[in-house]
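Biologist: Hi! I'd like to go through this structure with you, a bit at a time. Shall we take a look?

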Amino acid sequence: MIRIEGLAKRYGDVEVLRDVTAEIRKGEVIAIIGPSGAGKSTLLRCLNLLEQPTQGAIWIDGVNLLDRRADVPSIRQKMNMVFQSFNLFAHLSALDNLTLAPRKLRRVPRAEAEAKAMDLLRLVGLAEKADSFPDELSGGQQQRIAIARCLAMEPEVILFDEPTSALDPTTVSEVLPVIRRLAREGMTMAIVTHEMAFARDVASRVFYMDEGGIYEEGPPEQIFEHPTRERTRTFIHRIRRFACRIGSPDFDLYAMNAEIEAFCEKHILPRKTRDDLLLVVEETLQLYRPALQTAPLDLAIGYSERNQDLELVWEHAGPPADPRAGEHPSEDFGWSILRGLTEDLAYERVGDRNRLSMRMARR
């Protein structure tokens, strides 16, 4: 239904979108996620020409929206948008907000438009608010009215620009079920959202956007469970990282421990977890002391807020050297500590570097 080819948007020297290419098929629900400033809302606004793209093509049902000969108003009627700030007409009742566009743009008779509007208000659970004005409604009710107003034009595609971002947590749950219902009924939708659980539940595909482009796309199971690219993993798992380089056997253990303590405090890790982490780091460093004579050792600690796991990755250059392959590792006290405090220990050779990975659960 929608094909985007080489889409770019610049404001002066600032490039907000760069070479975006994607397809949205009829009946699909596309969740668009990513960090703030990635270009998510700009992409939606370009799709219905609220923002004029700098270059590229947008095909809607086989018609290039950017072709000068295109009938843009009629194409826009196929693709309506729900904004984060509702944008209801404050001087009109809920019913009149729904009937205005069908009457003025599609020349629908008032009685027919009002009957359709009442059906839509029942769909979103607000038929009793037909005569209420926007300032008499809660944020969640206003957003449901905005969705019903969008449906009144019988669109083939709905674009949602962070539809719950202006709502408090108690009213978010009023809006999301309405969007879920539309998804079940086969409405084609593109939804910019920060509600990860909702995106995973409702989407047929997910676009992860970063630095103005679609960095990774795939079904929800892939993006949320097994993302293939590093930035996607970091965003999805909300991983926080600490990294340092140990340059010699005479490293400053106290200074490094202080930095690790600060990392743990910043992410509110329990005292037991901090103590276990410091012990694992100290014992692993004892194993690597011989290697430090010839090459520096890099340590990266990642904390996943989602899984509440800590991952430690140790790397150093040189010939293959699996630290687990010591003379009597099963009898070594340090190895006993590491096996007791970590859930996974894995060694691999990556290029010319040795990598030892460990995983710890938050305690």
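Biologist: Where does E162 lie?
Modeller: Happy to help, and do keep in mind that this is a predicted model. E162 sits in a loop, with strand 7 (157–161) on one side and helix 6 (169–184) on the other.

Biologist: Is E162 buried or exposed?
Modeller: E162 is buried, and yet no salt bridge is found for this residue. The nearest side chain of opposite charge belongs to K40, 5.0 Å away. A salt bridge would need a charged nitrogen within 4 Å of a carboxyl oxygen.

Biologist: Leaving aside neighbours within four places in sequence, which residues is E162 in contact with?
Modeller: With those set aside, E162 is in contact with S41, Q84, V192 and H194.

Biologist: Switching topic: how do strand 9 and strand 10 run?
Modeller: Strand 9 (residues 205–210) and strand 10 (residues 213–218) run antiparallel, joined by 5 bridges. Within that pair, M209 stands opposite I214 of strand 10.

Biologist: And which residue takes a positive phi in that hairpin?
Modeller: That's E211, with phi near 55°; the hairpin has 2 residues between its strands.

Biologist: Now the open sheet. What is the strand order?
Modeller: The order is 11-12-13-15-14, so 5 strands with antiparallel pairing. From one strand to the next, the twist averages 15°.

Biologist: Why is one side of strand 11 and of strand 14 left without a neighbour in the sheet?
Modeller: Because strand 11 (239–246) and strand 14 (344–350) stand at the edges, each with a single partner strand.

Biologist: How many bridges join strand 11 to strand 12?
Modeller: There are 8 bridges, and strand 12 covers residues 297–304. One bridge pairs I239 with S304 in strand 12.

Key:
Residues are numbered from 1 along each chain as its sequence is written. This is a predicted model: local features need pLDDT of at least 70, side-chain atom pairs count only at pLDDT 80 or more; totals for chains, interfaces and linings use all residues. Side-chain values use heavy atoms; hydrogens and water are left out. Helices (H or I, at least four residues) and strands (E, at least two) are DSSP runs, numbered from the N terminus. Buried means under 20% relative accessible area, exposed over 50%, partly exposed in between (1.4 Å probe, protein chains only). Lys and Arg count as positive and Asp and Glu as negative; His and the chain ends are not counted. Contact means heavy atoms within 4.5 Å. Two strands pair if DSSP finds at least two bridges between them. Axes are lines fitted to C-alpha atoms, for helices over the stretch in contact, and angles run from 0 to 180 degrees between N-to-C directions.
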